[in-house]
Amino acid sequence: MTPEIDCVQSDLLEFRWTDDAVVADFIIPGDEHHVLRVLFTNPVIIRILDEMPLSTEDESTPKEGNVPHHFAYRVEGAVFETTQSETWKFTQQPATHYRFLTGWTCLDVLSAKEPTFQVVKRISTFDEEPGGVSETRKA
């Protein structure tokens, strides 16, 4: 079961790009023990940015379908999608533009396959401390 995520309270916790997959782990607000993993296992084009530049991007498409506090979207006709290589779009068709919004970070993904969503145990590599983040070292 995929949890409901209030995007304003979430953030991109970890991003990994390997030979086999692109993995993005997002904070599940109110659940410090799990993350929502979004997994793509095919060629993709990725863009990660702060939500502020995204909100100022000049989109010619109407803002139809935007839902307050919603986390995941399929987007049509956005600048990110339309400005990509024609060769990539031809070889990966039909590609879909997925957008994952949080209160701090936005992840855009162009992919010919749908992502997989999983709730997985959160493995902490950093502990937050007042005034910053410190690395947790395991013996």
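**Two sheets, two cores and a buried arginine**

Mentor: In this predicted model, strand 4 and strand 7 are antiparallel partners, joined over seven bridges.

Trainee: What makes strand 4 and strand 7 count as a pair?

Mentor: Two strands pair if at least two bridges are found between them, and strand 4 and strand 7 have seven, so the condition for pairing is met. One of these bridges links Asp50 to Thr105 in strand 7.

Trainee: Which strands are at the edges of the sheet with the order 4-7-6-5, and what makes them edge strands?

Mentor: This open, antiparallel sheet has four strands, and its edges are strand 4 and strand 5 (72-75), each of which pairs on one side only. Neighbouring strands in this sheet are turned against each other by 20° on average, direction ignored.

Trainee: Why is one side of strand 1 and of strand 8 left without a neighbour in the sheet?

Mentor: Their sheet is open and antiparallel, with four strands in the order 1-2-3-8. Strand 1 (12-17) and strand 8 (116-121) stand at its edges and have a single partner strand each, so one side of each has no neighbour there. For strand 8, antiparallel pairing with strand 3 (residues 31-40) runs over six bridges, and Val120 in strand 8 is the bridge partner of Val35.

Trainee: How do you know whether Arg99 is buried or exposed?

Mentor: Its relative accessible area is 11%, and buried means under 20%, so Arg99 is buried. Arg99 belongs to strand 6, and its side chain makes a polar contact of 2.7 Å with that of Asp108.

Trainee: What makes the link between Arg99 and Asp108 a polar contact?

Mentor: The cut-off for such a pair of N or O atoms is 3.5 Å, and the 2.7 Å between the side chains of Arg99 and Asp108 lies within it. Arg99 is also 6.4 Å from Val109, C-alpha to C-alpha, although the two are 10 residues apart in sequence.

Trainee: Which residues touch the most other members of the largest nonpolar core, and which strand supplies the largest share?

Mentor: Among its 17 residues, those with the most such contacts are Phe26, Phe40, Phe71, Phe100, Leu107 and Val109. Strand 2 (22-28) gives the largest share, four residues, while strands 2, 3, 4, 6 and 7 each supply at least two. Another core of six residues lies apart from it, and includes Val75, Ala78, Leu101 and Cys106.

Trainee: Which residues does Phe40 touch?

Mentor: Leaving aside residues up to four places away in sequence, the contacts of Phe40 include Val22, Tyr98, Phe100, Val109 and Pro115.

Conventions. Residues are numbered from 1 along each chain as its sequence is written. This is a predicted model: local features need pLDDT of at least 70, side-chain atom pairs count only at pLDDT 80 or more; totals for chains, interfaces and linings use all residues. Side-chain values use heavy atoms; hydrogens and water are left out. A nonpolar core is a set of buried Ala, Val, Leu, Ile, Met, Phe, Trp, Tyr and Cys residues joined through side-chain atoms within 4.5 Å. Buried means under 20% relative accessible area, exposed over 50%, partly exposed in between (1.4 Å probe, protein chains only). Contact means heavy atoms within 4.5 Å. Axes are lines fitted to C-alpha atoms, for helices over the stretch in contact, and angles run from 0 to 180 degrees between N-to-C directions. A polar contact is a pair of N or O atoms within 3.5 Å; within protein, one must be able to donate a hydrogen and the other to accept it, and residues adjacent in sequence count only if both atoms are side-chain atoms.
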